[in-house]
Amino acid sequence: MSFVKLKKRLSALLGPDECRFDEPMAPHTTFRVGGPADAWVRPAGPGSAERAAAALRAARDEGVPVFILGGGANVVVADAGIRGLVLETTGCTAARFEERDGSVVLTAEAGLTVDDAVEACAALSLGGLEFLAGMPGTVGGAVWMNARCYGRSISDLLVETEILDEDLNAATVPFAASDFDYKKSPFQTRPVFIVSASFRLEQGSEDVIRAAAAANRADRDAKGHYRLPSAGSSFKNDYSIGKPTGKIVDELGLRGLAFGGAKVAPWHGNIIVNDGTASAADIRALADEVAARVRAAIGVDLEPEILFVGDWPESRKPAP
Ligand SMILES: Cc1cc2nc3c(=O)[nH]c(=O)nc-3n(C[C@H](O)[C@H](O)[C@H](O)COP(=O)(O)OP(=O)(O)OC[C@H]3O[C@@H](n4cnc5c(N)ncnc54)[C@H](O)[C@@H]3O)c2cc1C
């Protein structure tokens, strides 16, 4: 691995605002925690997708590991940061609409925020994505996570996903229902770069679409989603239990439980918040404690929804 060579290649490939070294990750995540990435690139503007691909090729050639970051709305980056290259997609935001088989399809680059995608659709009276209005994060992150809210998943509208595959070859992955499940996508088990995703939309009324989007944003606001830094739901729901995770945590009286600067939101059992002083380790310790108490009380293993990424101590790394 030659990080020195990678540094030179990235500096030559990307503009000064697009490439930094030892870049703290906290400002790039909604939880506002996380130490430095060895290298961080965020290609933006014309040709950004090509520069992103070139950065990935350079990292592969030099044997440097890569982490793809979208809006950072579902990750807890370790306090020690991320070794290797972080490619942040939020500068890759091009979008186009086209007619296909009698309906309109939006193809959006990975870094477009879902909220901006909703707005772009609404301006053309195109509905479908507005259930995601107000959800932080990007199109690429939402497809990777198969983001879900208000009873719908982003896969419900997905037509195809353009990726750079494991060998960095461009490929189109047509939507197949069997590849997706509750908060599961096929990209979670493959180290691929989601370049863009295409969604089938419905012609509607701009006013109605905007009203639905505004209602969803207001509902999130009322539920305290934006009150303090977080990554939304800490744990997935297990529908076989018959109640959402938030209710289980509430019934055990765990709202307000704190570890350092991390706290179970006093207003929502399934959101861990950062009071402004939390470390990534605080958040992880608190998530562990909540899971342990639920296991002890009702014998259920909660599955974390937030992703713990980066350079965690050896004892915290998953078994190979
Ligand atoms: C206040 C709040 C409310 C939330 N509400 C919801 C909700 O209702 N429903 C829900 O599902 N989630 C919710 N979330 C979580 C989050 O918004 C979603 O998971 C979102 O889809 C994450 O997108 P992102 O771009 O931020 O991804 P990131 O957090 O940056 O990344 C998540 C994962 O996707 C991978 N990834 C991202 N982009 C790419 C790409 N282009 N190619 C390959 N891999 C990629 C990353 O490597 C990482 O593994 C909420 C979060 C917050 C802070």
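User: How do the residues in the shell around the ligand split by class?

Analyst: There are 17 nonpolar, 13 polar and one charged residues. Ala, Val, Leu, Ile, Met, Phe, Trp, Tyr, Cys and Pro count as nonpolar, Asp, Glu, Lys and Arg as charged, and the others, Gly among them, as polar. Bear in mind that this is a predicted model, where local features need pLDDT of at least 70, side-chain atom pairs count only at pLDDT 80 or more, and totals for chains, interfaces and linings use all residues. Residue numbers start from 1 along each chain as its sequence is written.

User: What puts a residue in that shell, and which are the closest?

Analyst: A residue is in if its C-beta atom, placed from the backbone, lies within 6 Å of the ligand. That gives 31 residues, with Gly 70, Gly 137, Gly 140, Gly 141 and Gly 232 the closest. Two or more residues each come from strand S3 (66-69), helix H4 (139-145), strand S9 (148-149), strand S13 (193-200) and strand S15 (230-233). H4 gives the most, with five. Helices (H or I, at least four residues) and strands (E, at least two) are DSSP runs, numbered from the N terminus.

User: Why is Gly 261 called partly exposed?

Analyst: Buried takes 20 or more other C-beta atoms within 10 Å, exposed takes 12 or fewer, and partly exposed is in between, with C-beta atoms placed from the backbone. Gly 261 has 17, so it counts as partly exposed. You'll find Gly 261 in the loop between strand S16 (258-259) and strand S17 (262-264).

User: How do you know what Gly 261 is in contact with?

Analyst: Contact needs C-beta atoms, placed from the backbone, within 7 Å. Leaving aside neighbours within four places in sequence, Gly 261 has Asn 274, Asp 275, Gly 276, Thr 277, Ala 278 and Asp 282 as contacts.

User: What is unusual about the phi of Tyr 150, and is Tyr 150 buried, exposed or in between?

Analyst: Its phi is near 50°, positive in a residue other than glycine. Most residues other than glycine have a negative phi. Tyr 150 sits in the loop between S9 and strand S10 (152-153). It has 13 C-beta neighbours inside 10 Å, so it counts as partly exposed.

User: And what about Leu 168?

Analyst: Leu 168 also has a positive phi, near 65°, and lies in the loop between strand S11 (158-164) and strand S12 (170-174). Its count is 15 other C-beta atoms within 10 Å, so Leu 168 is partly exposed.

User: How do you know the span of H7 fits what is expected?

Analyst: The expected span is 1.5 Å times one less than the number of residues. H7 has 19 residues and reaches 27 Å from first C-alpha to last, close to the expected 27 Å. Right after H7, Gly 299 has a positive phi, near 70°.

User: Which residues of H7 are buried, and what covers them?

Analyst: Ala 280, Asp 282, Ile 283, Arg 284, Leu 286, Ala 287, Val 290 and Val 294 are buried. Their cover includes helix H6 (245-251), S16, S17 and strand S18 (271-274).

User: What makes a set of residues a nonpolar core, and which members touch the most others?

Analyst: The members are buried Ala, Val, Leu, Ile, Met, Phe, Trp, Tyr and Cys residues joined through C-beta atoms within 7 Å. Leu 132 and Ile 283 touch the most other members of the largest core, which has 85 residues. Helix H7 (residues 280-298) supplies the largest share of this core, six residues.

Methods. Contact = placed C-beta atoms within 7 Å.
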